[in-house]
Amino acid sequence: MVAADAERPADLIIEGCIALVHDEEKGIGFLQDAAVVVRGRLIEAVTSARAVAGLPAVERIDGRGQLAMPGLINCHTHTPMVALRGIAEDMPVEEWFNDWIWPIESNLTDRVVELGAQLACAEMIRGGVTAFADHYFSMDKVAAAVADSGLRANLGWAYFSSQGAEGRERSLDFALRMRGAAEGRITTSLAPHAPYTVDDGDLEVTAALAREHGLLVHIHAAENAAQTENSLARCGRTPVEVLERAGLLDVDVLIAHGTGITEKDLSVLRRGAGRIAVASAPKGYLKFAWDTTPIRALASAGIPVGLATDGAASNGTLDVWESMALTALVQKSVENDPTWLTARQALGHATTQSARAIGLGDQIGALAPGRRADLILVDLTGPHTQPLHDIAATLVHSARSSDVRTTVVDGRILMRDRRLLTLDVPAIVAELAGQLPALTERRKGRRIQDYDG
């Protein structure tokens, strides 16, 4: 039903589309000849096109031939690292970090961070991502890029124990200062880098701060099997057990990657009293020849798994459509089961489960009355998406990020008919190009951290 409001027209009506909807019992479904009504920053109704035919609106979009769905959520990335896209390829992760990424990151400036974040936001808007979780440095500049772009984000300022108490305090200060910024589109987290770069004492303090201030903790952990083995050799505990001992599983925590999670870790995760989630970025794991996130086992433990890209320096893109397709395919392969993971499940991971992962499970991730109006329109008329026998399969295995025509966040149109409305990509690219020579210089022995897993 559509609320009658003769005094004020709807702000936006999308009509004649197919609508992807979530049903608690049946999972994902599709409504034909549907309409989405947006009033203010919220979805007021998902109904039939006939029901809105006479409803006044400030703006209408003809959705025929398109599918309306909740925007995709990239639940773990490092947006400024688009500046390092393709700079270090075809090498082990230790060489990637120690000889390339961390030496180059020692050259970072605030302006490079902001330009990289702006370019990343443009890429995500064009790819149908409406929200992301970022874990990086100079995060005030990333927040500025989020505000300018119109996207939604959860932001955390990363820190290492090698920085002393100052790094942890900077992360807390940012989280408290910036949550609720950009008209409420920015939420924040504490961002200890990982158990191998942040000591037990700092992890314990982080857990206490998260509990005191009601903050999410966003951390890399059990990124690969080697890290888990090294942790066991070093301290007799897996990275997940290190998190438990520090109290981080009793607060809200987002664990990036988790490909090194063991069977023993599953019972540890089940014991956690906090809202625990894992972010999976399958493309980077394939490039580094890692295992993949054990999504089926985590599902059995009741742990949501959101989809992510990680940074473009490792992933190559910030394309969550790629992550959906690869998740479905890789999971079938590692489980040796063609019935797992289905296209509908992959869509759920990229929307509702990713929303839960970044702490916004009751606000975004679904087209439903009362949810934030974060949605996209996907063109289904191309030859590669026809005919439509199974819409879910078409979205995951046939559609591309370039099929996204329109992106809306908080009821505001950020891209319409493939035209970006909030960011000037040529200007961003031109200025960033001038910064690259100084950024990419590698100075022997200079790096922000050492990687030994």
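**Exercise 1. Place Ile 43 in this predicted model: which strand holds Ile 43, and is Ile 43 buried or exposed?**

*Solution.* Start with the secondary structure: Ile 43 sits in strand β3, which covers residues 42-48. Next, check the accessibility. Ile 43 has 2% relative accessibility, so it counts as buried, the cut-off being under 20%.

Now see what surrounds it. Setting aside residues up to four places away in sequence, Ile 43 touches Val 36 and Val 37, then a run of others including Ala 366, Leu 367, Ala 368, Pro 369 and Gly 370. Arg 371, Arg 372, Ala 373 and Leu 375 are also touched by Ile 43. To put a number on one long-range pairing, take Asp 374: its C-alpha atom is 8.5 Å from that of Ile 43, though 331 residues separate the two along the chain.

**Exercise 2. Work out the surroundings of Thr 407: which backbone oxygen does its side chain reach?**

*Solution.* First, find Thr 407 in strand β15, residues 404-409. With 0% relative accessibility, Thr 407 counts as buried. Its side chain reaches the backbone oxygen of Ile 125, at 2.8 Å.

Then look at the wider contacts, ignoring neighbours within four places in sequence. Ile 125 turns up again, along with Gly 128, Val 129 and Thr 130. Leu 375 and Ile 376 are in contact with Thr 407 too, as are Arg 412, Ile 413, Leu 414 and Met 415.

**Exercise 3. Sort out the nonpolar cores: which residues touch the most other members of the largest one?**

*Solution.* Here's the background: in soluble globular proteins, nonpolar side chains tend to be buried together. In this model the largest nonpolar core has 132 residues, and Met 69, Leu 155, Trp 321 and Leu 395 touch the most other members. Helix α2 (residues 110-126) gives the most to this core, with ten residues. Apart from this core lies another, of 17 residues, with Leu 12, Cys 17, Ala 373 and Leu 375 among them.

Now zoom in on Met 69. Leaving out neighbours within four places in sequence, its contacts include two residues of that top group, Trp 321 and Leu 395. Others in contact with Met 69 include Leu 20, Leu 347, Thr 351, Leu 367 and Val 378.

**Exercise 4. Explain why helix α7 counts as largely enclosed by the rest of the structure.**

*Solution.* Go residue by residue. Helix α7 runs over residues 239-246, and six of its eight residues are buried, so the rest of the structure largely encloses it. Those buried residues are Pro 239, Val 240, Glu 241, Val 242, Leu 243 and Ala 246.

What do they pack against? The partners are helices α5 (200-213), α6 (225-235) and α8 (263-271), plus strands β10 (216-221) and β11 (253-257). Just after α7 comes Gly 247, with a positive phi of about 90°.

**Exercise 5. Describe the empty space: how many cavities of 30 Å³ or more are there, and what lines the largest?**

*Solution.* Searching the whole structure turns up two such cavities. The largest holds about 300 Å³ of space. Of its 27 lining residues, His 78, Trp 96, Phe 97, His 220 and Asp 310 are closest to the centre.

Next, sort the lining by type: 15 residues are nonpolar, nine polar and three charged. By element, α1 (93-105), β7 (129-136) and α9 (282-287) each supply at least two residues, and α1 gives the most, with six.

Do the same for the second largest pocket, which has a volume of about 290 Å³. Its lining has 20 residues, and Arg 275, Ile 276, Pro 304, Arg 356 and Ala 357 are closest to its centre. That lining splits into ten nonpolar, five polar and five charged residues.

**Exercise 6. Hunt for unusual backbone geometry: which peptide bonds are cis, and where do Ala 182 and Asp 410 lie?**

*Solution.* Keep the usual case in mind: most residues other than glycine have a negative phi, and most peptide bonds are trans.

- The bond from Trp 340 to Leu 341 is cis, with omega near 10°; Leu 341 lies in the loop between α12 and α13.
- The bond from Gln 386 to Pro 387 is cis as well, with omega near -5°; Pro 387 is in the loop between β14 and α14.
- Ala 182 isn't a glycine, yet has a positive phi of about 55°. Ala 182 lies in the loop between α4 and β9 and is buried at 17% relative accessibility.
- Asp 410 also has a positive phi of about 55°. Asp 410 lies in the loop between β15 and β16 and is buried at 9% relative accessibility.

Terms used. Residues are numbered from 1 along each chain as its sequence is written. This is a predicted model: local features need pLDDT of at least 70, side-chain atom pairs count only at pLDDT 80 or more; totals for chains, interfaces and linings use all residues. Side-chain values use heavy atoms; hydrogens and water are left out. Helices (H or I, at least four residues) and strands (E, at least two) are DSSP runs, numbered from the N terminus. Buried means under 20% relative accessible area, exposed over 50%, partly exposed in between (1.4 Å probe, protein chains only). A polar contact is a pair of N or O atoms within 3.5 Å; within protein, one must be able to donate a hydrogen and the other to accept it, and residues adjacent in sequence count only if both atoms are side-chain atoms. Contact means heavy atoms within 4.5 Å. On a 1 Å grid over the protein atoms alone, a cavity is a set of points where a 1.4 Å probe fits but cannot get out, and a pocket is an open set with protein on both sides within 12 Å along at least five of seven lines; lining residues have an atom within 4 Å of a point. Grid points are joined across faces, edges and corners, and a volume is the space filled by probe spheres set on the points. Ala, Val, Leu, Ile, Met, Phe, Trp, Tyr, Cys and Pro count as nonpolar, Asp, Glu, Lys and Arg as charged, and the others, Gly among them, as polar. A nonpolar core is a set of buried Ala, Val, Leu, Ile, Met, Phe, Trp, Tyr and Cys residues joined through side-chain atoms within 4.5 Å.
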